[in-house]
Amino acid sequence: MRRRLAGAALVAILTAAVVRLSPAQTATGRVDAVVSDDRGKPVADAVVSVTSPVAPPAAPPAAPAVMDQQNKEFVPHVLTVAVGTPVAFPNRDNIRHHVYSFSSAKRFELPLYIGTPAAPVVFDRPGVVVLGCNIHDWMVGYVYVAGTPYFAKTGLDGRARVGALPPGTYEARVWHPRMKGDPEKTSQPIAVTAGEPDHLTFVVGLKPEQRAPRRPDGPTYDRPQS
Amino acid sequence: MRFGSFRSRLVVVFLGVFVVIQAAGYVVVAAFVRANARHAVEDELRLASTLFVRQLEVRDHELVTATRLLSGDFALKTATATADYATTASVLENHRRRVDADLLMLVSLDGVIVADTHRPERRAAPFPAPRLIEKAETERDVSDVVVIDGRLYRLAVVPLLAPEPIAWLGAGFAIDDPTAAELRRLSGLHVSFVSRQDGRAVVHASTLAEPDREALARQLPSRTAGVMHARGGEHLLRLELVGRDVLVVLQRPLAEALAPFDRLLPILLAVAGTGLVLALLGAVLVARRVSEPVLTLAAGARRVAAGDFTTPVRIEQRDELGELATTFNEMLGGLREHERVRDELERTARLKRFFSPQLADLLSAGDESLLASHRREITVVFCDLRGFTAFAEAADPEEVMQLLHEYHDAIGPLVFVHDGTLERFTGDGLMVFFNDPVPCPDPAARAVRMTVAMRDAVQPLLRHWRRRGYALGFGAGIATGVATIGRIGFEGRLDYAAIGTVSNLSARLCQEARDGQILVSQQVHAEIESLVDATPVGPVPLRGFARPVVVYDVRGLRAEPGPPAAQRATG
């Protein structure tokens, strides 16, 4: 724990240094968010996004993001990308997969394939894209396509840090694959100032995971072993 | 007749008891069999319902599995996800045929029907079993028996996962009469599916005929088991909840379980009938055995009434009746003894007519073989009154009777004093003989002595009657000869008679004798010559005798110290 805190402090110092050294922004703020469920447990794989009407649109990164298929699971479980980001779907298993999405944000299908498809899939609209595999019912993955450049995913400790925020007023929201209710309703106004981080707390209600069981005789909606 | 009815009463009582016992036995057996059959049916129903429910669970699981298999179809997911309703409906219909379901429905996540193979027009209507969807959100095997459009369906609901749920797929299999019939083939029980709607039972599918369905709907018990009155009699029921509002009713007619008993019934009746016949025979035998001694005693009593004291009743029993018979026989002995004594007295009295009392007693005590017919030489005395016929005609009857009375009183005792046998009285006449039935050494002497004594005895009477104007006299005749002697006459009127010439001769001699004369035959005279003073009376012609016979008139006894006469007179 102490080591982790020390690590986090180091990261904060380095980030502050990077921000300070940034030529575009001389002074930025950040948001430290904690997401927990209604029983107080930290929630991982939650995406905290910070938006502002005046904020610039997200700039797609140069390198494609990667959603692996490993051991018949999507890795990571939740991938966060800025809108317009191409995502590669390398298959690291020795069997084929059939990745598909019926989500309105990105409808696509990668029929049975091995290895990495030649062209990555470009996620050009913001929203949540649910990924499935036609031949492995339990495989489920999420691509969170953010319309804002300010977003972060919580770790196992339920914490996410959204940095490089120019001072100003924003709205912060949280999304999680299993959250109950509308993500829009999680909106919190924040005033970002340079220097001290804003601390945000999100409490989300989680639905039980609804997935096909991985083992034929397994429990109904068991969490896959990754 | 009374004993006949006594016997039939015995038989009736015996048979009545038998029939009551048989009937009671039958009632007990029938009740036992019925209770047993009931328990058997209840056990059977309990077991069957367990198996039945288990089977329904298995079927439900199969149904859910099949539905889930359909839900995995990528084309269905694609069509659904792309909101291509026509294609979705077509895929559904295709899949319905694959699994031979009666109903496939695709339902949106908010519970609205997207496509319905059974009623396509139902699109956009709310799903009729929203509860199942709620359940399917947290459970995996979700199925229930539900009523849709008034029909009963086994309905499974699974999510359409892409890979998150994008819709619900419902698959239904109708539960109808053929379904019930198939279940009946498996269980042998009547199967009915009943829903409760608004507190009312509705029979949706059943193996029962229409009237029994209505009866079931009316009589459906609230508990899990019960009884229903169907057309064929009582049915035992068992209820199992197979859906939230749907019951399956398993039932079996009690009559089916009682069928073996019904087959047994004729045998039981035959056994009972045979028993009844045997009981009847036994009852008759017993009744006869009981009444027979009574009848025997009655017959004995009738014989006694008829005067037969000799035949005892024969009852070989060591009981009260046997004792009664013994007493009866002892009574018979008493009666016989009584009669014997009476007979003896009577016989003695009868003998005394002929014989002296001593002789009569002797004869009475001993056997009467002395009186059997035989021939013997006897001395016969005949005597009578002279002039009696004229007297009897002229005198008053009272006088006649009085005279005879005095006469007999005077001479009668002399007969027995001299041990004579009185053969007969004929008015004034008297016949006495000697040497029979008990022989004596001097019959002629005795005869003469008796006759002389009689003549002496009547003299005062004769004098008396002569004074009164009646010319009466005494005469006698005595003869000795062989005669046939024995009893003559008929039962109740027997005489001891001596038949032969000697009787005739003495009678003729008596006829010949004048007053005071005692005429004896030559033979008699020869025997008593020394005892008497007698004068010969020349040969006398006698009627019935070829030649005149010589007779003697005994005048009197010689005075002699011979004691016998004196002794006899006093003895």
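This is a short tour of a predicted two-chain model, going from each chain to the interface and then to some salt bridges.

**Stop 1: chain A**

Select chain A and switch to cartoon. You should see one helix and 17 strands. Now colour by burial: of the 226 residues here, 46% are buried. If you like contact maps, look at pairs with a separation of 6 or more; 61% of those contacts in chain A are between residues 24 or more positions apart. Turn on the surface and you have about 11800 Å² of accessible area, with 57% of it on carbon and sulfur atoms.

**Stop 2: chain B**

Next, select chain B, which runs to 571 residues, 44% of them buried. The cartoon shows 15 helices along with 18 strands. On its contact map, 60% of the contacts between residues at least 6 apart in sequence connect residues at least 24 apart. The surface of chain B comes to about 29200 Å², and carbon and sulfur atoms account for 57% of that.

**Stop 3: where the chains meet**

Show both chains and select whatever touches across the boundary. You'll pick up 17 residues of chain B and 20 residues of chain A. Together the two chains bury about 1500 Å², 59% of it on carbon and sulfur atoms. Which three residues of chain B supply the most buried area here? Put F74(B), R140(B) and P163(B) in sticks: these three provide 40% of the area chain B buries against chain A, more than any other three.

How many salt bridges are there between chain B and chain A? The count is zero. Polar contacts do turn up across this interface, in two residue pairs, both at pLDDT 80 or more. For the secondary structure on the chain B side, highlight helix 2 (74-81) and strand 4 (151-161), each of which supplies at least two of the residues touching chain A. Helix 2 of chain B gives the most, with four residues. Colour that side of chain B by residue type and you get eight nonpolar, four polar and five charged.

**Stop 4: salt bridges**

Clear the selection and look for salt bridges everywhere: a search over all chains finds 37. Here are some to zoom in on.

Start with R38(B) and E42(B), whose side chains meet at 4.0 Å, N to O. Both sit in helix 1 (residues 2-71) of chain B, and because they are four residues apart there, about one helical turn separates them. R38(B) is partly exposed at 28% relative accessible area, and E42(B) is also partly exposed, at 30%.

Then jump to R238(B) and E240(B), a salt bridge with an N to O distance of 3.6 Å. Is R238(B) buried or exposed? R238(B) is buried, with a relative accessible area of 18%.

Now select D515(B) and R466(B), where the closest N and O atoms are 2.7 Å apart. This pair ties together distant parts of the chain, 49 residues apart: D515(B) lies in the loop between helix 13 (501-512) and strand 16 (518-521), while R466(B) belongs to helix 12 (residues 443-467). D515(B) is partly exposed at 39% relative accessibility, and R466(B) is partly exposed at 34%.

**Last stop: a network**

Finish by selecting D116(B), R119(B), E121(B), R122(B) and D149(B) as one group. Show their side chains and trace the links, as these residues are joined in a network of salt bridges.

How values were computed
Residues are numbered from 1 along each chain as its sequence is written. Chains are lettered from A and ligands numbered from 1 in the order in which they are written. This is a predicted model: local features need pLDDT of at least 70, side-chain atom pairs count only at pLDDT 80 or more; totals for chains, interfaces and linings use all residues. Side-chain values use heavy atoms; hydrogens and water are left out. Contact means heavy atoms within 4.5 Å. Buried area is the accessible area (1.4 Å probe) that two parts lose on being put together, summed over both. A polar contact is a pair of N or O atoms within 3.5 Å; within protein, one must be able to donate a hydrogen and the other to accept it, and residues adjacent in sequence count only if both atoms are side-chain atoms. Ala, Val, Leu, Ile, Met, Phe, Trp, Tyr, Cys and Pro count as nonpolar, Asp, Glu, Lys and Arg as charged, and the others, Gly among them, as polar. Buried means under 20% relative accessible area, exposed over 50%, partly exposed in between (1.4 Å probe, protein chains only). Accessible areas come from the Shrake-Rupley method with a 1.4 Å probe; for residues, only the protein chains shown count as cover.
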